[in-house]
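Biologist: I am new to this structure. Please pick one part, look at it closely, and then show me how to read other parts in the light of it.

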Amino acid sequence: MLRNFTIANQYKIMTFNFYRYFSRKRIAMVAMAFLFTVCASAQNFPFQGGEKLTFTIHYKWGFSADVGTAAFELRESEYNNVPAYHIFADAKSNGFFDGIYKVRDTYESKFAMDDLRPLWFHRTAEEGNKYTAENEMIFSDGGKTIHTKVVKSTRPPVDTIAHTEEVTRDLMNFYYYLRTMDLEKLEQNGEQYFLGLLDRNIIMVGVRVLRHEQKKISGIGKFNTVVVGFRMKSYKLDQVQDDGRFSIADSVGGEKDSIIMWLTEDENHLPVFFSAPVTIGSINGRLSAYEGLKYPLNSLTTK
């Protein structure tokens, strides 16, 4: 059971105590106990090397338009002699919107092929005319020790080591790990809690099944889907205190679903649509192209 989350850097050492909130929130203990029962075995991961997905990104605020694309490519590789999946992802604005707010973001993540434990993550971001960022994370101890480096144009650099008794995932790793979850058991057992890290942010995530519905995706067809909601809250590393007041369950309690994702109700658990608020307006993404799927897309009912 996760007890402590320790942040160590050149300035201070802080402890993230999880024990108290688990005692207050027994439902969180139950959810954590089901962590491995809701996930598929290594032999049954719903993806394989060679899978490629492209999403069209749509923005809405006063006007409504397709503003860019996000592309994902999953390869088979290795990291320090460990067989690994290697995900390449890039998001970019296009056409007219490059002149308004140009986006060129790239993500890479490597995670072990046997159990999806995180190994390495790298992100670069170029947004607007001035903002740039680079983040590298190196995972060890099964994803329980993370060395994170952050360089941003808007603030001093960060070089931090975090230690935890729970696997802490980067965002790309979490996205693929999510697809391995047994959604029927998730629906029965309730909300599942996860811990993530991006830049200098601790991200608390609660995942739950909201409903089942048919979802029409323009240009592809209508799918039977499972709709999953994400409740998330982010804290800066230097906000972590040693008084035990932070917790996954308590931290996301009362939060609205900040991201909603539609996953195909078949063996692929393929995301076909998502929606999320942004600082101004909202964005959504719809699947526009795919190839290299591991299983037949049986959830596609009509084209």
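Modeller: Start with one term. A residue is buried when its relative accessible area is under 20%, exposed when that area is over 50%, and partly exposed in between. Keep in mind that this is a predicted model.

Now the close look, at helix H4. H4 covers residues 171–179. Is this helix mostly covered or mostly open? Mostly covered: 8 of its 9 residues are buried. The buried ones begin with Met172, Asn173 and Phe174. Then come Tyr175, Tyr176 and Tyr177. Leu178 and Arg179 complete the list. An α-helix has 3.6 residues a turn, so residues three or four places apart point the same way.

Look next at the start of H4. There, aspartate 170 offers a side-chain oxygen. This oxygen comes to within 3.0 Å of the backbone nitrogen of methionine 172.

Now go to arginine 179. What reaches its backbone oxygen? The side chain of histidine 269 does, at 2.8 Å. Histidine 269 sits in a loop. On one side of that loop is strand E14 (259–264), and on the other is strand E15 (271–277). Histidine 269 counts as buried because its relative accessible area is 15%, and the cut-off is under 20%. Its contacts, leaving out residues up to four places away in sequence, include Arg179, Met181 and Leu183. Leu263 and Thr264 also touch histidine 269.

From the helix, turn to a strand. E11 spans residues 192–198, and 7 of its 7 residues are buried. In a regular strand the side chains alternate between the two faces of the sheet. In E11, both faces are covered. One side carries Gln192, Phe194, Gly196 and Leu198. The other carries Tyr193, Leu195 and Leu197. E11 pairs with strand E12 (residues 201–217) in the antiparallel sense, over 7 bridges. Tyrosine 193 has glycine 206 as its bridge partner in E12. The two strands form a hairpin with 2 residues between them. In the turn, aspartate 199 has a positive phi of about 55°.

Another hairpin joins E4 and E5, again with 2 residues between the strands. Here asparagine 80 has the positive phi, about 50°. E4 (residues 63–79) and E5 (residues 82–93) run antiparallel, joined by 12 bridges. Tyrosine 79 stands opposite valine 82.

E5 also pairs with strand E6 (residues 103–112), antiparallel, over 9 bridges. Isoleucine 87 faces serine 109 in that pairing. Valine 103 belongs to E6. This valine is buried, at a relative accessible area of 17%. Beyond four places in sequence, valine 103 touches Ala91, Lys92, Ser93, Glu126 and Glu127. Asparagine 129 is 26 residues away from valine 103 in sequence, yet the C-alpha atoms are 9.4 Å apart.

Tyrosine 101 makes a contrast with the covered residues. Tyrosine 101 lies in helix H3 (residues 98–101). With a relative accessible area of 43%, tyrosine 101 is partly exposed. Together with Phe96 and Ile100, Tyr101 forms a nonpolar surface patch of about 370 Å² of accessible area.

Last, the whole protein. It has 6 helices and 17 strands. Of its 303 residues, 49% are buried. The accessible surface is about 14600 Å², and 50% of this belongs to carbon and sulfur atoms.

Terms used:
Residues are numbered from 1 along each chain as its sequence is written. This is a predicted model: local features need pLDDT of at least 70, side-chain atom pairs count only at pLDDT 80 or more; totals for chains, interfaces and linings use all residues. Side-chain values use heavy atoms; hydrogens and water are left out. Buried means under 20% relative accessible area, exposed over 50%, partly exposed in between (1.4 Å probe, protein chains only). Helices (H or I, at least four residues) and strands (E, at least two) are DSSP runs, numbered from the N terminus. A polar contact is a pair of N or O atoms within 3.5 Å; within protein, one must be able to donate a hydrogen and the other to accept it, and residues adjacent in sequence count only if both atoms are side-chain atoms. Contact means heavy atoms within 4.5 Å. Patches are made of residues with over 30% relative accessible area and no salt bridge: like charges are joined within 9 Å, nonpolar side chains (Val, Leu, Ile, Met, Phe, Trp, Tyr) within 5 Å. Accessible areas come from the Shrake-Rupley method with a 1.4 Å probe; for residues, only the protein chains shown count as cover. A salt bridge is a side-chain nitrogen of Lys or Arg within 4 Å of a carboxyl oxygen of Asp or Glu. Two strands pair if DSSP finds at least two bridges between them.
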